[in-house]
Amino acid sequence: MEDVAIVYHNNLGIAFRWKNSIPNTDSKRIQMVFKDMGFYLLPEEIQYFSKNIQTAKYYNCTNCRKSKSCRNILLRSPLEKMDFAVSFQELEQISDLIEGTLFKLKLEDYINGCGKN
């Protein structure tokens with residue numbers, strides 16, 4: 001873990017930046033790993049993913065008799081041709097990971113930008 005700078009993590013996954021000493025990395029991109037998958041995303045793509053998550057929350061089966069662990073929600077990924085089948089619980093954890101990452105990125109921008117004295 002010495003080659004990464006953690007941005008945010010939860011029980012489902014982690015978001016981090018590769019340190020500059022690693023070849024073929026882009027300091028603007030965030031590596032996100034969850035559900036045995038990794039995404040190497042720009043902040044704009046993470047924001048797009050956040051919108052997809054909010055949309056997916058409206059399409060859950062509110063009156064479904066099955067448990068909240070049923071994988072009945074289709075979540076569009078930030079990649080054009082890739083979607084996920086997730087449960088409501090997984091969707092909540094992915095949402096936390098994405099929103100926590102966005103919060104930390106915005107905080108970094110503020111601290112290093114207009115908040116800098």
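This report describes a nonpolar core, the helix α1, a strand hairpin and the residue Q31 in a predicted model. Residues are numbered from 1 along each chain as its sequence is written, and side-chain values use heavy atoms, with hydrogens and water left out. Because the model is predicted, local features need pLDDT of at least 70 and side-chain atom pairs count only at pLDDT 80 or more, while totals for chains, interfaces and linings use all residues.

**Core**

The largest nonpolar core (buried Ala, Val, Leu, Ile, Met, Phe, Trp, Tyr and Cys residues joined through side-chain atoms within 4.5 Å) has 21 residues. Buried means under 20% relative accessible area, exposed over 50%, and partly exposed in between, with a 1.4 Å probe and protein chains only. Those with the most contacts inside this core are M32, I46, F49, L75, I94 and I98. The elements below each supply at least two residues of the core; helices are DSSP runs of H or I with at least four residues, strands runs of E with at least two, numbered from the N terminus.

| Element | Residues |
|---|---|
| β4 | 37-41 |
| α1 | 43-57 |
| β5 | 73-76 |
| β6 | 83-86 |
| α2 | 88-112 |

Strand β3 is also among the suppliers, and α2 gives the most, with six residues.

**Helix α1**

In α1, I46, F49, S50, N52, I53 and A56 are buried. They cover an arc of only 165° around the axis, which puts them on the same side of α1; the arc is that of the directions from the helix axis to the C-beta atoms. The face turned away from this buried side carries the exposed residues E44 and K51. The buried residues of α1 pack against β3, β4, β5, β6 and α2.

**Hairpin β5-β6**

Strands β5 and β6 form a hairpin with six residues between them. Four bridges join the two strands, which run antiparallel; strands pair if DSSP finds at least two bridges between them. The bridge partner of R76 in β6 is D83. F84 and V86 make up the covered face of β6, D83 and A85 the uncovered one. Beyond its neighbours within four places in sequence, L75 is in contact (heavy atoms within 4.5 Å) with residues including F49, I53, F84, V86 and I94.

**Residue Q31**

Q31 lies in strand β3, residues 30-34, and is buried, with a relative accessible area of 15%. Its side chain makes a polar contact with the side chain of W18 at 3.2 Å. A polar contact is a pair of N or O atoms within 3.5 Å; within protein, one must be able to donate a hydrogen and the other to accept it, and residues adjacent in sequence count only if both atoms are side-chain atoms.
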